[in-house]
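Biologist: Could you take a close look at a single part of this model and walk me through it with care? I would like one connected account rather than a list.

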Amino acid sequence: MADDYFLDSQPDTEITEVNEDELEAPVSNPEFIMVDVKGMVASPGVYELQQEKRIVDAVDMAGGLAKHADATQVNFAARLQDEW
């Protein structure tokens, strides 16, 4: 009867050690970046855009410039870049 409660010291599955250098990075889509649009735009927020887009595209996604925005302070032709 005492043998019914005996625990086997050998695991049923083999445990292998994982080298952290061999782990894969989380999958991300390199074609898209996240852009935080702030200031004098209709809908400030974080938008996902294709990597080759420009600031003018981000402003458009945010609903365009607000009525009293100073467009002379922005280089609309500048390329977007991801910051991580």
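**A close look at Met 40**

Modeller: Setting aside residues up to four places away in sequence, Met 40 touches Gly 64, Leu 65, Ala 66, His 68 and Ala 69. This is a predicted model, and in it Met 40 sits in the loop that lies between β1 (32–37) and β2 (45–50). One of the contacted residues, Gly 64, is 24 residues from Met 40 along the chain, and the C-alpha atoms of the two are separated by 8.7 Å. For the protein chain as a whole, 31% of the contacts with a separation of 6 or more are between residues 24 or more positions apart. Despite the contacts listed for Met 40, its relative accessibility is 44%, so Met 40 counts as partly exposed, buried being under 20% and exposed over 50%.

The salt bridge may also be of use to you. A search of the whole structure finds one salt bridge, and Asp 36 forms it with Lys 38, the closest N and O atoms being 3.3 Å apart. Side chains of opposite charge can pair when their charged atoms come close. Asp 36 is partly exposed, at 45% relative accessibility, whereas Lys 38 is exposed, with a relative accessible area of 62%.

As for the setting, the protein chain comes to one helix and two strands, running β-β-α from the N terminus on. Of its 84 residues, 14% are buried, and the chain exposes about 7700 Å², of which carbon and sulfur atoms supply 51%.

Terms used
Residues are numbered from 1 along each chain as its sequence is written. This is a predicted model: local features need pLDDT of at least 70, side-chain atom pairs count only at pLDDT 80 or more; totals for chains, interfaces and linings use all residues. Side-chain values use heavy atoms; hydrogens and water are left out. Helices (H or I, at least four residues) and strands (E, at least two) are DSSP runs, numbered from the N terminus. Buried means under 20% relative accessible area, exposed over 50%, partly exposed in between (1.4 Å probe, protein chains only). Contact means heavy atoms within 4.5 Å. Accessible areas come from the Shrake-Rupley method with a 1.4 Å probe; for residues, only the protein chains shown count as cover. A salt bridge is a side-chain nitrogen of Lys or Arg within 4 Å of a carboxyl oxygen of Asp or Glu.
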